[in-house]
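Grab a pencil and open the viewer. The exercises below each set a small task, and a worked solution follows straight after.

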Amino acid sequence: ALAKSMTAAIEDFVETTCGRAESTPIAFHGGIRLDLGQLTCVLVGEYLLHGYDVARTAGVPWPIDPAHAALTLYGYRQLYPHTTNPATSRGHTATYRLRLGVAGSLTARFTDGTLSIEPDPASTDADSAIGADAADCVITADPVAYLLVSAGRLPPAAAIALRLITVSGPHSQLGLRFGALFRCP
């Protein structure tokens, strides 16, 4: 019954959005505006993460394709500034470079607790375009591991111990608290 309901919901979504441009603006939760492409990627994440939860409870594998995790992370980029935790980010100033494999790279810049996200530079050498030394902390992660950590499904320490996530840079210790700067919606 659940699978039929999910299939019907996906069919309704596809029917409703068919023929609309990826850039079509959509009102999301809490006054956030996404475009249709971003919203679709967030929806992919709902199925990936809640499927993971159900599979874990059932004790069966739920492999997540890195390309699907990358789509979800693309959708989440617009949400990061809205999910910043004011209690843990208050007064925080640091620049983080996230290298997420097939999900690309981005810069997360906190200035006195306010987050701005800077997308991939239009360069083949992303680090030289922003200046690799400009980042206080560089977080390099498998996109699936980063998705699971950022969604609260995998503890950051476990991902680091398994070498699915590494931190480097002049202030690499900041990488251990990066996740705490956000609230999982």
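Here are five exercises on this model, which is predicted.

**Exercise 1. Check the length of helix H1, then find what comes just after it.**

Step 1. Helix H1 covers residues 2–17, and it has 16 residues.
Step 2. The expected span is 1.5 Å times one less than the number of residues, so H1 should span 22 Å.
Step 3. Now look at the model: the end C-alpha atoms of H1 are 23 Å apart, which agrees.
Step 4. Step just past H1 and you meet Gly19, with a positive phi of about 85°.

You can play the same game with H3 (residues 66–77). Its twelve residues should span 16 Å, and the end C-alpha atoms of H3 are 16 Å apart, so that agrees too.

**Exercise 2. Work out whether Thr72 is buried or exposed, and what surrounds it.**

Step 1. Locate Thr72: it sits in helix H3.
Step 2. Buried means under 20% relative accessible area. Thr72 has 0%, so it is buried.
Step 3. Skip the neighbours within four places in sequence, and the contacts of Thr72 are Cys41, Val44, Gly45, Leu48 and Leu147.
Step 4. Zoom out to the helix. Thr72 is one of the buried residues of H3, along with Ala69, Ala70, Leu73, Gly75, Tyr76 and Arg77.
Step 5. What do these buried residues of H3 pack against? They pack against H2, E4, E5 and helix H6 (143–150).

A handy idea for looking at helices: with 3.6 residues a turn, residues three or four places apart point the same way.

**Exercise 3. Trace how strands E3, E4 and E5 pair up.**

Step 1. Start with E3 (residues 94–99), which pairs with E4 in the antiparallel sense over six bridges. One pair to find is Arg97, whose bridge partner in E4 is Thr107.
Step 2. Look at the turn. The hairpin of E3 and E4 has five residues between the strands, and Gly101 takes a positive phi near 55° there.
Step 3. Move on to E4 (residues 105–111) and E5 (residues 114–118): this pair is antiparallel as well, over five bridges. Ala108 has Ile117 as its bridge partner in E5, while Phe110 stands opposite Leu115.
Step 4. Is E4 mostly covered or mostly open? Mostly covered, with five of its seven residues buried.

**Exercise 4. Describe two residues that have a positive phi without being glycine: Asp112 and Arg163.**

Step 1. Asp112 has a positive phi of about 50°. You'll find Asp112 in the loop between E4 and E5, a hairpin with two residues between the strands.
Step 2. Exposed means over 50% relative accessible area. Asp112 has 56%, so it is exposed.
Step 3. For Arg163, phi is near 65°. Arg163 lies in the loop between helix H7 (156–161) and strand E7 (165–168).
Step 4. Arg163 comes out at 64%, so this residue is exposed too.

**Exercise 5. Explore the second largest pocket and its lining.**

Step 1. How much space lies in this pocket? About 240 Å³.
Step 2. Find the lining, which includes Leu2, Met6, Tyr47, Val54 and Trp62.
Step 3. Ask which helices contribute: H1 and H2 (36–58) each supply at least two lining residues. H2 gives the largest share, seven residues.
Step 4. Sort the lining by type, and you get eight nonpolar residues, two polar and one charged.

Definitions and conventions. Residues numbered from 1 in each chain as written. Predicted model: local features only at pLDDT ≥ 70, side-chain atom pairs only at ≥ 80, totals over all residues. Heavy atoms only, no water. 1 Å grid on protein atoms, 1.4 Å probe; cavity = no way out; pocket = protein on both sides within 12 Å on 5 of 7 lines; lining within 4 Å. Points joined across faces, edges and corners; volume = space filled by probe spheres on them. Helix = DSSP H or I, 4+ residues; strand = E, 2+ residues; numbered from the N terminus. Nonpolar A, V, L, I, M, F, W, Y, C, P; charged D, E, K, R; others polar. Buried < 20%, exposed > 50% of the residue type's maximum accessible area, 1.4 Å probe, protein only. Contact = heavy atoms within 4.5 Å. Pairing = 2+ DSSP bridges.
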